[in-house]
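Colleague: Thanks for sitting down with me over this one. Could you walk me through the pocket, the ligand and a couple of backbone details?

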Amino acid sequence: MRIFKFKEIDSTNKFLKEMKEKEEYDTAIAETQVMGRGRRGNKWSSEKGGAYFSFLLKEDKNIAFEEYEKLPLVIGYSLLKTFESLEPELNFMFKWTNDIYIFDKKISGILVEKSEDYFIIGIGINLNNEIKGEAEKIAISMCKITFKEYKIEEIIISVIEEFKKNLDFYFNGNWDKILFELNQKNYLLGKDLCIEYGMGKRETGKGLNIHKSGQLEIEISGEKKLFNVGKIHITKNN
Ligand code: BTN
């Protein structure tokens, strides 16, 4: 595992994607990113004080590709576990597919990309960074809750170590145990949701459990339907 550290970079995901001669668990860490990338083409604001990092996971050809479909959930689970051991008093929630929420605001996000045989796992955590303006309505930083100053690199290493452990646990047949815990912390459970998917399709319903398949179950007009990754809006909190 090599660690590449930057004061400023465009994006740690982009850096690893373009890097020649990749090695598993190579990690890029940046103090700030000028073109931090979020999911669905969104920008990820990367002010100094946050944790911005990416690492590589090599696809194991002996493992069925479908097994990797739950990778975002295993990463989200690892963040949840890291945060819970860091701040045991706080009630972190898992927002399917892989965001962590607290006080109805996002504290971390994950962007998984694929380049040749590697998955590039990019993570942003709001730790010591101040969230300003409109973003304050939807995002929160750990320091704002606890008034502590966090050791960013230590937390990054803990997340990666936690992920390695959980990936092993997952590949060794323990998905049910991970799923059970994720459902205990399922932020979307019981919420009125509007889900956008496919080419401009949109449905509304109530969030249910995360299904064994890793999909989210939503009750729509009395019927349970399963959804793959889409864009979910919460229309009303219950
Ligand atoms: C999201 O919730 O939309 C995903 C955000 C992922 C942000 C991280 S920060 C480190 C890595 N580099 C990037 O450009 N993006 C990810």
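Modeller: Happy to; what follows is a set of questions and answers on this predicted model.

Colleague: Let's begin with the open space. How much space lies in the largest pocket?

Modeller: Picture the residues closest to the centre of the largest pocket: Trp44, Asp99, Tyr101, Lys106 and Ile138, which belong to a lining of 47 residues. The space in this pocket comes to about 1200 Å³.

Colleague: And which group, nonpolar, polar or charged, has 18 residues in the lining of the largest pocket?

Modeller: Several elements feed the lining with at least two residues each, among them α1 (12–18), β3 (51–58) and β12 (231–236). Sorted by type, the lining holds 16 nonpolar and 13 charged residues, and the group with 18 is polar.

Colleague: Now the ligand. Which space does the ligand take?

Modeller: The shell around the ligand has 19 residues, and Ser11, Gln33, Arg37, Arg39 and Lys106 are the closest. Lys106 is also listed among the residues closest to the centre of the largest pocket. The space that the ligand takes is the largest pocket.

Colleague: Which element gives the largest share of the shell around the ligand?

Modeller: Four elements, α1, β3, β6 and β7, each bring at least two residues to the shell. By type, the shell has 5 nonpolar, 10 polar and 4 charged residues. With 4 residues, the largest share comes from β6.

Colleague: I'd like to look at polar contacts too. Which residue has a side-chain N or O atom 2.6 Å from an oxygen atom of the ligand?

Modeller: Two backbone contacts are worth a look beforehand: a polar backbone atom of Arg37 is 2.7 Å from a ligand oxygen, and a backbone N or O atom of Arg39 is 2.7 Å from a ligand oxygen. The side-chain contact at 2.6 Å comes from Lys106.

Colleague: What percentage of the ligand's accessible area does the protein cover?

Modeller: On its own, the ligand has 420 Å² of accessible area. The part covered by the protein is 98%.

Colleague: Last, the backbone. Where does Thr97, at the end of the cis peptide bond from Trp96, lie?

Modeller: The bond from Trp96 to Thr97 has omega near 10°. Thr97 lies in the loop between β4 (93–95) and β5.

Colleague: And which residue has a positive phi although it is not a glycine?

Modeller: Look in the loop between α1 and β2 (27–33). The residue there with a phi of about 50° is Glu21.

How values were computed
Residues numbered from 1 in each chain as written. Predicted model: local features only at pLDDT ≥ 70, side-chain atom pairs only at ≥ 80, totals over all residues. Heavy atoms only, no water. 1 Å grid on protein atoms, 1.4 Å probe; cavity = no way out; pocket = protein on both sides within 12 Å on 5 of 7 lines; lining within 4 Å. Points joined across faces, edges and corners; volume = space filled by probe spheres on them. Nonpolar A, V, L, I, M, F, W, Y, C, P; charged D, E, K, R; others polar. Near = heavy atom within 4 Å. Polar contact = N/O pair within 3.5 Å; in protein donor to acceptor, adjacent residues only side chain to side chain. Areas by Shrake-Rupley, 256 points an atom, 1.4 Å probe, with all protein chains shown as cover. Sits in = over half its atoms within 2 Å of the grid points.
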